[in-house]
Structure formats: C-alpha cells, structure tokens
Amino acid sequence: MNEWFNLVDYTISEQIIFALGCALWFVVYAVTIYNIYKNKFCEIPAWVVCANISWEFLKSFIFLTDMGKFYNIAYAGWFFLDLYILYGAYRYGDKLVFTPAVKKYFKLILSFNFISWFAILYFMMYLKYDDIVGALSAFVINIVISVLYNYVILNVDSKYLNNFSYTVAWTKMFGTAFVGVFAAIHWQGNYLLVSLGVIIFILDLCYTLLLYKKRRKNK
C-alpha cells in the first residue's frame, strides 16, 4: 500500500483530500479536451497551458513526488491529456489574444513562453525551492491561471462566451481548493502556501461569478 499511497509521511485523510483535488482536475482536462474537439476553441489561456504541461512532465518523469506511485501515474495522465490541450492552444489559442501585435506572432511567443516556463520550473525544482509534492510551484502556476481566466472573461468577444464551461469553472476552483486544504493540513504554519491557496480560491470564485453574469447577460 505504501508503494502506491505513502501512509507513513501522509495521513489517510490527507491522501483522500489530495486525491479529490487531482480527480477534479482530471475533469477540468476532460471537459476542456471535449470542448476543443467540439467547438474548435481552447478556453484555458494558452500561456498557462505551457506552464501546466511543463510542470506535469517534470513531476511525472524527473522530480517525482513521495506521495506514492499512484500520483506519479496520475501526473503522467495529466501530461498526456495536456498534449492535446497544448495542440488546441497552438491551433485556437489566438482567439483569446486581444492585442493585434501579439496575435500576429502568437505561435512564436507561445513557443518562447513554453521554453521559459520549462526552464523556470526545472530550476525551481532542481534547486529545491519547491516542495517534494510540487505544491508551491503548482500554486504559483495557478495564480497565473486564475488571473488570466479573469482577464480573459472580462475582455473576450461575446460570441465566444458559450464556449466557456461552467463545469470547468467549478471543478478548477474546488480541485485547487482541495489541494490547498491538503497543504494547510500537511504543512501547518506554512503561511505562504495558505495565502496562495486563499488568493487562488478568491480569484476562481470571481471568475465563476463573472462567467455566470456575462453568459446570462449575453442571452
């Protein structure tokens, strides 16, 4: 059992809370992939897709978590799902770019963004600025995700509003919230992780409310 779920360094409740967060993020990816295929639209801002897939590759194959083999496999599953989302970001991500000069060089800028995120996250993990689970680096990425989601929903053309999923909004919010609760329990006194978790939850809640408001107004 400890090979699959580390119950020496993590309690059963911590494992369950963290696993729930991971499961909800699988829903985020599954719905996003379905909508890319169905609507030819990638609702995750392209800039953070590069961060997500870089994190997943590093945590799946280089800097493994000590929480158990189950999570190494889960992270790898995220990575392979994210390959299609990365394709969707390159193919359709410029629909969420609002600056003509950036839109013109979108794919070139996106490629530089991917290389930059990979380098930053690699050295963050290699130099041990991150924790073994990858929570700190994941929360840093999530801050960027949540800020960009709010920016996008405030500026996106109304014709694209129906392509944003309520399911993604809720599962993204609560998936990250469960990981935040896990971090607060496991690393008691780590106010950096706690504050990041609270900020992300507030930003995600704002995005969800804005999505409801704008889609209702759009009708």
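Biologist: Buried means under 20% relative accessible area, exposed means over 50%, and partly exposed covers what lies in between. In which of these classes does Phe70 fall?

Modeller: The structure is a predicted model, so the answer describes computed coordinates. The relative accessibility of Phe70 is 34%, a value between the cut-offs of 20% and 50%. Phe70 therefore counts as partly exposed.

Biologist: How many aromatic pairs does the structure hold, and what is the angle between the planes of Phe70 and Tyr71?

Modeller: The structure holds 32 aromatic pairs. One of them joins Phe70 and Tyr71, whose ring centres are 5.1 Å apart. Planes over 60 degrees apart count as edge-to-face, and the pair of Phe70 and Tyr71 has that geometry, with an angle between the planes of 85°.

Biologist: Is Tyr71 buried or exposed?

Modeller: The relative accessibility of Tyr71 is 0%. That value is under the 20% cut-off, and Tyr71 therefore counts as buried.

Biologist: Tyr122 and Phe123 also form an aromatic pair; what is its geometry, and how do Tyr122 and Phe123 count by accessibility?

Modeller: The ring centres of Tyr122 and Phe123 are 5.2 Å apart with 90° between the planes, which makes the pair edge-to-face. Tyr122 has 25% relative accessibility, and Phe123 has 45%. Both values lie between the cut-offs, so Tyr122 counts as partly exposed, and Phe123 likewise counts as partly exposed.

Biologist: Which residues form one aromatic cluster with Phe70 and Tyr71?

Modeller: Phe70 and Tyr71 belong to one aromatic cluster that also draws on residues from other parts of the sequence. The remaining members are Phe5, Tyr10, Phe18, Phe182 and Trp187.

Biologist: How far apart in space are Val181 and Phe18?

Modeller: Val181 is placed in helix α7, residues 166–186, and counts as partly exposed at 40% relative accessibility. Val181 and Phe18 are 163 residues apart in sequence. In space, C-alpha to C-alpha, the distance between Val181 and Phe18 is 8.3 Å.

Biologist: What pattern of secondary structure does the protein follow along the sequence?

Modeller: The secondary structure comes to 8 helices and 0 strands. Read along the sequence, the pattern is therefore written with helices alone, as α-α-α-α-α-α-α-α.

Biologist: Where in α3 is the kink centred?

Modeller: Helix α3 covers residues 69–92, and its 24 residues reach 35 Å from the first C-alpha to the last, close to the 34 Å expected at 1.5 Å a residue. The helix nevertheless has a kink of about 30°, and the kink is centred on Leu83.

Biologist: How many of the 16 residues of α2 are buried?

Modeller: The end C-alpha atoms of α2 are 23 Å apart, which agrees with the 22 Å that its 16 residues should span at 1.5 Å a residue. The helix is mostly covered, and the number of its residues that are buried is 14.

Biologist: Which residues does Pro45 touch, not counting residues up to four places away in sequence?

Modeller: Pro45 lies in the loop between α1 (12–39) and α2 (46–61), and with a relative accessible area of 3% it is buried. Contact requires heavy atoms within 4.5 Å. Beyond its sequence neighbours, Pro45 touches Leu148, Tyr149 and Val152.

Biologist: What is the phi of Lys40, and what is the phi of Lys128?

Modeller: Most residues other than glycine have a negative phi. Lys40, in the loop between α1 and α2, is partly exposed with a relative accessible area of 38%, while Lys128, in the loop between α5 (106–126) and α6 (135–155), is exposed with a relative accessible area of 68%. Neither is a glycine, yet each has a positive phi, that of Lys40 being about 55° and that of Lys128 about 65°.

Biologist: What is the radius of gyration of the protein?

Modeller: The C-alpha atoms fill a box of roughly 50 × 35 × 30 Å along the principal axes, and buried residues make up 47% of the 219 residues. Among contacts between residues at least 6 apart in sequence, 80% join residues at least 24 apart. A compact globule of 219 residues would have a radius of gyration near 17 Å, which agrees with the value for the protein, 17 Å.

Key:
Residues numbered from 1 in each chain as written. Predicted model: local features only at pLDDT ≥ 70, side-chain atom pairs only at ≥ 80, totals over all residues. Heavy atoms only, no water. Helix = DSSP H or I, 4+ residues; strand = E, 2+ residues; numbered from the N terminus. Expected span 1.5 Å × (residues − 1). Bend = angle between axes of the 7 residues up to and from the residue. Rg over C-alpha atoms; globule rule 2.2 N^0.38 Å. Buried < 20%, exposed > 50% of the residue type's maximum accessible area, 1.4 Å probe, protein only. Phe/Tyr/Trp six-rings, centres within 6.5 Å; stacked < 30°, edge-to-face > 60°.
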